[in-house]
Amino acid sequence: MTGQIEVEFIGPINEKKYKELKTLFEKEGKFNKEKERLSLMYFRDGKIPRDITEIKDELVDLRFRVTNKEPEIVLKYGNFSGSHARKEVSINLEKDNAKDQIELLNLLGWNRGVIYATRTFVYVYHGIEFSLVEIKDYGYNFEAEILTTENKVEEAKEKLSKELKLLNLEVFDDEGLNMQCNAINNKKELIFDFAKQSFEEHQQKFSEFY
């Protein structure tokens with residue numbers, strides 16, 4: 001279990017830029033890991049917004065994630081934007097306990113949300129963790145992240161901004177980020193509801209991640 005300040009800048013890239021960055025980071029950066037991830041993003045009271053601006057003041061971002069077949073619960077706290085600094089707490093789970101943890105969230109009223117699958121290559125480049133993210137059936141993003149302490153947030157933001165400018169990368173503005181969130185959140189086939197379905201049903205449907 002960890003608690004840190006995550007300073008992260010997120011932005012859209014096309015396939016060409018994705019490949020350019022991958023080549024650069026493989027040549028001049030340090031490869032960290034590849035992640036096959038299934039994320040279950042929960043919404044308070046099971047109310048999935050048609051427009052993400054409906055919950056713009058919601059500070060709790062609760063997720064169940066399976067990364068390279070390892071499950072965890074992640075809570076991020078703070079305003080979400082293309083460039084944000086949020087507290088992050090992650091709890092690693094034993095595979096055999098995942099069902100019980102989902103049921104615990106269900107009994108606490110967290111049972112409904114949206115699923116999305118990603119394939120990510122993570123590199124360290126100039127002291128920054130860069131993730132090149134392919135979102136299944138959608139497109140590509142980059143994430144540039146520094147984990148730091150509260151008194152060094154502005155320093156981290158400045159470092160990220162300078163590096164992104166050199167790489168000719170732009171972070172999401174509010175409209176762009178909202179458009180992506182809304183496009184994913186409004187796909188009916190991606191909605192889960194553990195008040196109506198069992199974890200076993202879900203696990204079987206997405207067996208490649210488990």
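Two strands count as paired here if DSSP finds at least two bridges between them. The model on screen is predicted, and the tour starts with its strands.

**Stop 1: strands 2, 3 and 4**

Select residues 60-67, which form strand 3. On one side, strand 3 pairs with strand 4 (residues 70-77) in the antiparallel sense, over 8 bridges. To see one of these pairings, pick Arg65, whose bridge partner in strand 4 is Glu72. Next add strand 2 (residues 30-42), which runs antiparallel to strand 3 and is joined to it by 5 bridges. Here Arg37 has Thr67 of strand 3 as its bridge partner.

Now colour strand 3 by accessibility. Is it mostly covered? Put as a count, how many of its 8 residues are buried? The number is 7.

Move on to the hairpin of strand 3 and strand 4, where 2 residues lie between the strands. Select Asn68: its phi is positive, near 50 degrees.

**Stop 2: helix 1**

Select residues 15-28, helix 1. From first C-alpha to last, this 14-residue helix reaches 20 Å, close to the 20 Å expected at 1.5 Å a residue. Just at its start, show the side chain of Asn14: one of its oxygens comes to within 3.2 Å of the backbone nitrogen of Lys16.

Show Lys17, Tyr18, Leu21, Lys22 and Phe25, the buried residues of helix 1. Turn the view to look down the helix axis; the buried residues fall within an arc of 135 degrees, so they line one face. On the face turned away from that buried side, look for Lys16, Thr23 and Lys27, which are exposed.

**Stop 3: helix 3**

Select residues 153-166 for helix 3. Helix 3 has 14 residues and spans 20 Å between its end C-alphas, close to the expected 20 Å. Val153, Ala156, Leu160, Glu163 and Leu164 are buried in this helix. Viewed down the axis, the buried residues of helix 3 occupy an arc of 100 degrees, so they too line one face. The other side of helix 3 has exposed residues: Glu154, Glu155, Lys162, Lys165 and Leu166. After the helix, select Asn168, which has a positive phi near 60 degrees.

**Stop 4: the nonpolar cores**

Which residues have the most contacts inside the largest nonpolar core? They are Ile13, Phe25, Phe130, Leu132 and Leu169, in a core of 23 residues. Elements giving two or more residues to this core include strand 1 (2-13), strand 7 (128-135) and strand 8 (139-148), along with helix 1 and helix 3.

Centre on Leu169 and display its surroundings. Leaving aside residues up to four places away in sequence, Leu169 touches Ile13, Lys17, Leu21, Phe130, Phe142 and Leu164. Apart from this core lies another, of 19 residues; to find it, select Trp110, Ile115, Phe192 and Phe206, which are among its members.

**Stop 5: Gln180**

Finish at helix 4 (residues 174-185), which contains Gln180. Is Gln180 buried or exposed? Its relative accessible area is 10%, so it is buried, the cut-off being under 20%. Show the side chains of Gln180 and Asn141: they make a polar contact at 3.5 Å. Excluding residues up to four places away in sequence, Gln180 touches Ile135, Tyr138, Asn141 and Phe172.

Methods:
Residues are numbered from 1 along each chain as its sequence is written. This is a predicted model: local features need pLDDT of at least 70, side-chain atom pairs count only at pLDDT 80 or more; totals for chains, interfaces and linings use all residues. Side-chain values use heavy atoms; hydrogens and water are left out. A nonpolar core is a set of buried Ala, Val, Leu, Ile, Met, Phe, Trp, Tyr and Cys residues joined through side-chain atoms within 4.5 Å. Buried means under 20% relative accessible area, exposed over 50%, partly exposed in between (1.4 Å probe, protein chains only). Helices (H or I, at least four residues) and strands (E, at least two) are DSSP runs, numbered from the N terminus. Contact means heavy atoms within 4.5 Å. The expected span of a helix is 1.5 Å times one less than its number of residues. The arc is that of the directions from the helix axis to the C-beta atoms. A polar contact is a pair of N or O atoms within 3.5 Å; within protein, one must be able to donate a hydrogen and the other to accept it, and residues adjacent in sequence count only if both atoms are side-chain atoms.
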